[in-house]
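Reader: Could you walk me through reading a model, feature by feature? I'd like the general idea, then the case at hand.

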Amino acid sequence: MFANFWAVLNKELRSYFLSPFIYLISAVFLLLSGYYFYSDLVFYVQFGFGLNIMENFWQLMFTDLRLVIMLTVPFLTMRLFAEEKRLGTIELLLTYPMRDTDLFWGKFVACAIATLFMLSFTLIYPVLMSSLQPFDWTLVVPGYVGLVMLSLSFIACGLFISSLTDNIVVAGLGSLGTLLFFWILSWNDGATQFGLISTIASVSMVTHFQSFALGFIDTKEITFFLLFIIFFSFLTLRSLEARQWRGRR
Amino acid sequence: MIGVQNVTKYYGQVCALDGVSFSVKSGEIVGLLGPNGSGKTTLMRILTGFFPATEGSVHVAGLDVATSSLEVRNRLGYLPESVVLYPDMSVRAFLHFCARVKIDGTVQRRANVERVLSECALEPMAHRQMGTLSKGYRQRVGLAQALLGKPEVLILDEPTVGLDPNQVIDIRELIKGLGGKVTILLSSHILHEVELMCERVVIIDKGHILAEDTTDRLSERIQGAANVRVRASGPRPSMLNALRALKEVAQVTEHDQEDSDGPEGAVFTVRSSNHAIAREIAQTIIHNGWALHELRPVTLDLEALFVRLTREEQKEAA
């Protein structure tokens, strides 16, 4: 039953890990997050805030990592459907004995694995820190749970945008723009108090990540992320299905 | 094996197919012939379940494509028009991916991939990345994926387009070799291609079926007689008289010198109800001691065929 899902997953993983692109993206990701780690650490060593230096440090670190993920995930999602459309291979895949859901989830999980691969290198920071100054790991675990949920929701959103176009650049910029917009909405509460914008701001995954960065695993927020992922998966599947609607009377 | 009943397809206000009906028997090779934009690809996409028809029904192997799409796709091999495959994937890796979707069991999958690699003469290219392959080889990879899992029905959209003459012959032989075992519907805009590969042809234009018959009967119906082009050197009036004197010759037309595209000899077109007239023409010319430079049957090209068929249709309408 899952044979087709595995086939797609396997193909996408090969395509990620046998090309230099993922390593280039990971290098950029680690360069940016490494600099944040260094600068955040220097900041707390020089100034320190109250008694909970470690707690404050990890809060800032996760908030910064959030931004780096936001900037890199669109590069991993952009080609997933747009390239299939550009090459015309989508026609081949959609006429194989395979459900659209197998195709979608195969791609989703492959992208999630690629993102986790990238993210896994950042575990070196807490390991390095604890060798210098032992700390309570319960500060770090919620942050990582949050980063994983956030990444999955970015992927769901990026996949949907990639399914709308056959142009990889448009797919990449579209996803990046959408994610940045969700982030910007969290900047000024005063500007997002009324009307439609308040509704959009309330579903910003960037704001919902905050409690994880503070060291809490909130089931309410986990539910939010799951619903967010389901909603965008639904939209992507409808977008794939849209070919069926053309010419209907 | 394939049944198309009254299929209509609209793209917005544009009508791509208008009440198309035909059927293909098991093991038959049928050509779908038509100019670009005639609705061939649309029809093939409906047959493969890529999108549904606006009206009408399509059956493949006794199953309705609209309601049993997955079962139908299990029995189909499809070569889309202009296949551009994953450039950074090797031929073998790609075929293994396709086999995973189409075939159960690792052993069967491996055997199938090796079989299609050999059938399509792709073994030397199996390790190559598809981006580095020539168009001919890419087309073969496209065909190879369609042949995976021994499909009952093959739908091939322009299988020989863009290939060089040798590759065209290879692909043509491969397709002809499958006849009888597999039901094949292939599309082309080249009449000669279809004649060589198919037993029957469906001619489609602007979403309508213009004609549907065996290739032989169709050319007879259109041409009514054999036309032979002759280029020979000798005294023109004597040659003309000798050709006219042949049995069963209906008409001999002499072409002007500008009309003939070579410097040597005079050019005639002989029209006859006898399809073996060429042999007699050759004998006559050689017997008289004239030089024979060229002797070939003149077949109607697609353009002429369409003109003829559309006129027939207009007449019927009137």
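Reader: Let's start with the contact between chains A and B: how many residues does each chain give to the contact?

Author: The general idea is that the size of an interface is often given as the accessible area lost when the parts come together. Here we can go by residues: chain B puts in 25 and chain A puts in 23, where a contact is two residues whose C-beta atoms, placed from the backbone, lie within 7 Å. Before going on, note that this is a predicted model: local features need pLDDT of at least 70, side-chain atom pairs count only at pLDDT 80 or more, and totals for chains, interfaces and linings use all residues. Residues are numbered from 1 along each chain as its sequence is written, and chains are lettered from A and ligands numbered from 1 in the order in which they are written.

Reader: Which elements give two or more residues to the side of chain B that touches chain A?

Author: β1 (2-11), α2 (69-74) and α3 (91-102) of chain B. Helices (H or I, at least four residues) and strands (E, at least two) are DSSP runs, numbered from the N terminus. α3(B) gives the most, with five residues. By class, that side of chain B has 15 nonpolar, five polar and five charged residues. For the classes, Ala, Val, Leu, Ile, Met, Phe, Trp, Tyr, Cys and Pro count as nonpolar, Asp, Glu, Lys and Arg as charged, and the others, Gly among them, as polar.

Reader: Next, helix packing. How do α3(A) and α6(A) cross?

Author: Two packed helices are described by the angle between their axes and the distance between the axes. In chain A, the axes of α3 (residues 53-77) and α6 (residues 100-120) come within 10 Å and cross at roughly 140°. Axes are lines fitted to C-alpha atoms, for helices over the stretch in contact, and angles run from 0 to 180 degrees between N-to-C directions. On the α3(A) side you'll find A:T72, A:V73, A:L76 and A:T77, meeting A:C111, A:A114, A:T115 and A:M118 of α6(A). That contact between α3(A) and α6(A) has five nonpolar, three polar and no charged residues.

Reader: And the core: which residues touch the most other members of the largest one?

Author: In soluble globular proteins, nonpolar side chains tend to be buried together. The largest nonpolar core has 131 residues, and B:L47, B:F94, B:L95, B:A144 and B:I155 touch the most other members. A nonpolar core is a set of buried Ala, Val, Leu, Ile, Met, Phe, Trp, Tyr and Cys residues joined through C-beta atoms within 7 Å. Buried means 20 or more other C-beta atoms within 10 Å of a residue's own, exposed means 12 or fewer, and partly exposed is in between, with C-beta atoms placed from the backbone. Helix α8 (residues 141-162) of chain A gives the most to this core, with eleven residues. A second, separate core of 14 residues includes B:A226, B:V270, B:I277 and B:I285.

Reader: Is A:V206 buried or exposed?

Author: A:V206 counts as buried because it has 23 C-beta neighbours inside 10 Å. A:V206 is found in α11(A), residues 205-208, and touches A:R66, A:F182, A:W183 and A:S186, leaving aside residues up to four places away in sequence.

Reader: What about odd backbone angles: where is B:A121?

Author: Most residues other than glycine have a negative phi, and most peptide bonds are trans. B:A121 has a positive phi of about 50° although it is not a glycine. Its place is the loop between α4 (106-119) and α5 (135-147) of chain B. B:K150 also has a positive phi, about 45°, and sits in the loop between α5 and β7 (153-157) of chain B.

Reader: Last one, the sheets. In what order do the four strands of the open sheet in chain B come?

Author: Strands of a sheet pair through backbone hydrogen bonds, either parallel or antiparallel. In chain B the order is β12-β13-β11-β14, with antiparallel pairing; two strands pair if DSSP finds at least two bridges between them. β12 (249-254) and β14 (291-297) of chain B stand at the edges, each with a single partner strand, so one side of each has no neighbour in the sheet. β11(B), residues 226-233, pairs with β14(B) over six bridges, and B:V228 stands opposite B:P297 in β14(B).
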